[in-house]
Amino acid sequence: MASFLAPLLRAPSENYRLENTRNGRVVADQLWGAFDSSTRKKGLLGRDSMPEGSAMLIAPSNAIHTFFMRFPIDIAFVAKDGRIVSVRTALPAWRIAFAVRAYAVVELPAGTLARSETAAGDVLSIQTIPSAKQA
């Protein structure tokens, strides 16, 4: 089975957005990948915030921690096909969260999941954002 992350892995320099296929809402339009050991370990550590509309996708991973984090985040634990298996909202610092069946973790600014009406059971899709030349 191909991963829902395939577009981002094939061409990481392209611009992408994360969409909820159930309601068509854009969950994030600025994606950061953390697909190797060093970027997965660092994650969002050292940042004071996340810009609205951004998301960090961590894979492979089914667990995160918020030790030393300076701001709360929303978390979507996602299966390989893009289906959300579990969510955590406004997770504060000094917590651990995991989902046994998850393949990837999507970290978002707190409140993003509620604003985009995204919940467990929804399917996320990564779509290319056309450049100004193509639009």
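Me: In what order do the strands of the open sheet of three strands run?
Reply: Strands here are DSSP E runs of at least two residues, and helices H or I runs of at least four, numbered from the N terminus. Two strands pair if DSSP finds at least two bridges between them. The pairing in this open sheet is antiparallel, and the order is β2-β1-β10.

Me: Which are the edge strands?
Reply: An edge strand here pairs on one side only. That holds for β2 (26-28) and β10.

Me: Which residue in β2 does E19 stand opposite?
Reply: This is a predicted model, where local features need pLDDT of at least 70, side-chain atom pairs count only at pLDDT 80 or more, and totals for chains, interfaces and linings use all residues. Residues are numbered from 1 along each chain as its sequence is written, and side-chain values use heavy atoms, leaving out hydrogens and water. Strand β1 (residues 16-20) and β2 pair in the antiparallel sense over two bridges. Opposite E19 in β2 stands V26.

Me: Where does S116 lie?
Reply: Look between α3 (112-115) and β10 (124-128). S116 lies in the loop there.

Me: Is S116 buried or exposed?
Reply: Buried means under 20% relative accessible area, exposed over 50%, partly exposed in between (1.4 Å probe, protein chains only). S116 has a relative accessible area of 3%, so S116 is buried.

Me: Which residues does S116 touch, not counting residues up to four places away in sequence?
Reply: Contact means heavy atoms within 4.5 Å. With those sequence neighbours left out, S116 touches N20, N23, R25, V26 and V27.
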